[in-house]
Amino acid sequence: MRLLFAGTPEPAVPALRALLDSEHEVVGVLTRPDARSGRGRGVRRSPVGQVADEAGIPVLTPATLRAPEARDAIVALAPDCCPVVAYGGMIPPDLLDVPVHGWINLHFSLLPAWRGAAPVQASLEAGDELTGASTFRIEEGLDTGPVFGVLTERIRPDDTATVLLARLAEHGAELLRRTVDGVEAGAVSAVPQATDGVTHAPKVTVEGARVRFDLPAGAVDRHIRAMTDAPGAWVQHGDARLKLGPVTVEVDGEPLAPGELRVTKREVFAGTATAPVRLGTVQPPGKKPMPAADWARGARLESGLVIGVDQ
């Protein structure tokens, strides 16, 4: 089949590579416009766009898919099917019927759980033990279309959003390829999603990544891992925002008040609503992440300081 692949960030790259290695013909790539990034704030192509450039595939970067010229460019490619992985924008209703086999999305959750922009983060924060990926036909609703196939993935105790998403992206690439194969052969059919068990995973914001030490230790641990690496969990310390890496729950640790620090030569502990947690890395503004003990030593911190709790 002639495929127009739609995707933008790094987690979409394994799926594009899998389709490039398949018997299908990727006739074009649809990705978000080039954006400024990095320390130099230079304009850069998206990770998916970079792979397409390397493969010599036409790249479409419309600011909006509602523009007539965007529709014209997609129609001109005459795609039979449009696989989608984390494109970063809604597909307008008037484009859904352009490919005869529709738009097939790879979504990183077990639908109907965690519909929305941040399913991996939501699953980690909720404490789910099992997650996965689903392929489904896009319709006008948000992640509501009928499902072609699923895979499951167990969440590990030390998984961060970045690590778990990378694993799902690799395994999901094969699921998407098999789905596209099956659609071409008429060997798979889409099944409507269940009406119960629906949960939503809205986009994660910087403000939403703030750490609250007045929550139970397990919730603090899950929240920090869910926000790692982007946008990054943080806590307010004076006028500064400190980014925190994953922590370790100290079930038998010495009790501390929520946000209260206990500083030793090699470790820093913070109290929560239940057990204390041992801090991993701390990143002060303008600096690289460092072990919590090094941060405390450089900042001349002493036990008893309270952070992460509204005073």
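Two strands count as paired here if DSSP finds at least two bridges between them. Keep that in mind for the sheet views below, and note that everything shown comes from a predicted model.

**View 1. Phe 269 faces Arg 278 across a strand pair.** Phe 269 stands opposite Arg 278, a residue of S15. Strand S14, residues 268–270, runs antiparallel to S15, and two bridges join them. Zoom out a little and you get an open sheet of four strands, ordered S12-S15-S14-S13 with antiparallel pairing. S12 and strand S13 (261–263) are the edge strands with a single partner strand each, so one side of each has no neighbour in the sheet.

**View 2. Strand S1 sits beside S2.** Strand S1 covers residues 2–7, and five of those six are buried, so the rest of the structure largely encloses it. Its pairing with strand S2 (residues 25–30) is parallel and runs over five bridges. For a handy landmark, look for Arg 2, which stands opposite Glu 25 in S2.

**View 3. Helix H5 bends at Gly 172.** The bend at Gly 172 comes to about 25°. How far apart are the end C-alpha atoms of H5? They are 35 Å apart, which agrees with the 36 Å that 25 residues should span at 1.5 Å a residue. Just after the helix comes Gly 186, with a positive phi of about 70°.

**View 4. Pro 192 lies in the loop between H5 and H6.** This is where the chain goes after H5 and before H6. Is Pro 192 buried or exposed? Pro 192 is exposed, because its relative accessible area is 65% and anything over 50% counts as exposed. Leu 20 is a useful second marker: 172 residues separate Pro 192 from Leu 20 in sequence, and their C-alpha atoms are 29 Å apart in space.

**View 5. Helix H6 is mostly covered.** Seven of the ten residues in H6 (217–226) are buried. The buried set is Ala 217, Val 220, Asp 221, His 223, Ile 224, Arg 225 and Ala 226. What do these buried residues pack against? Their partners are helix H4 (119–126), helix H5 (161–185), and strands S11 (240–244), S12 (248–249) and S15 (277–278). If you're checking the pattern by eye, remember that an α-helix has 3.6 residues a turn, so residues three or four places apart point the same way.

**View 6. Thr 228 is tucked into the loop after H6.** The loop in question links H6 to strand S10 (234–237). Thr 228 counts as buried because its relative accessible area is 10%, and the cut-off is under 20%. Leaving out residues up to four places away in sequence, Thr 228 touches Thr 160, Ala 161, Thr 162, Leu 244 and Pro 246.

**View 7. Arg 241 lies over the face of Trp 234.** The distance from Arg 241 to the ring centre is 3.9 Å. Don't go hunting for ring–ring pairs, though: the structure holds zero aromatic pairs.

**View 8. The whole protein, for orientation.** Seven helices and 17 strands make up the secondary structure. The C-alpha trace spans about 65 × 45 × 30 Å along its principal axes. Of the 311 residues, 45% count as buried. As for the contacts, take those between residues at least 6 apart in sequence: 64% of them join residues at least 24 apart.

How values were computed. Residues are numbered from 1 along each chain as its sequence is written. This is a predicted model: local features need pLDDT of at least 70, side-chain atom pairs count only at pLDDT 80 or more; totals for chains, interfaces and linings use all residues. Side-chain values use heavy atoms; hydrogens and water are left out. Buried means under 20% relative accessible area, exposed over 50%, partly exposed in between (1.4 Å probe, protein chains only). Contact means heavy atoms within 4.5 Å. Rings of Phe, Tyr and Trp (its six-membered ring) pair if their centres lie within 6.5 Å; planes under 30 degrees apart count as stacked, over 60 as edge-to-face and the rest as tilted. A charge sits over a ring if NZ of Lys or CZ of Arg is within 6 Å of the ring centre and within 35 degrees of the ring normal. The expected span of a helix is 1.5 Å times one less than its number of residues. The bend at a residue is the angle between axes fitted to the seven residues ending there and the seven starting there.
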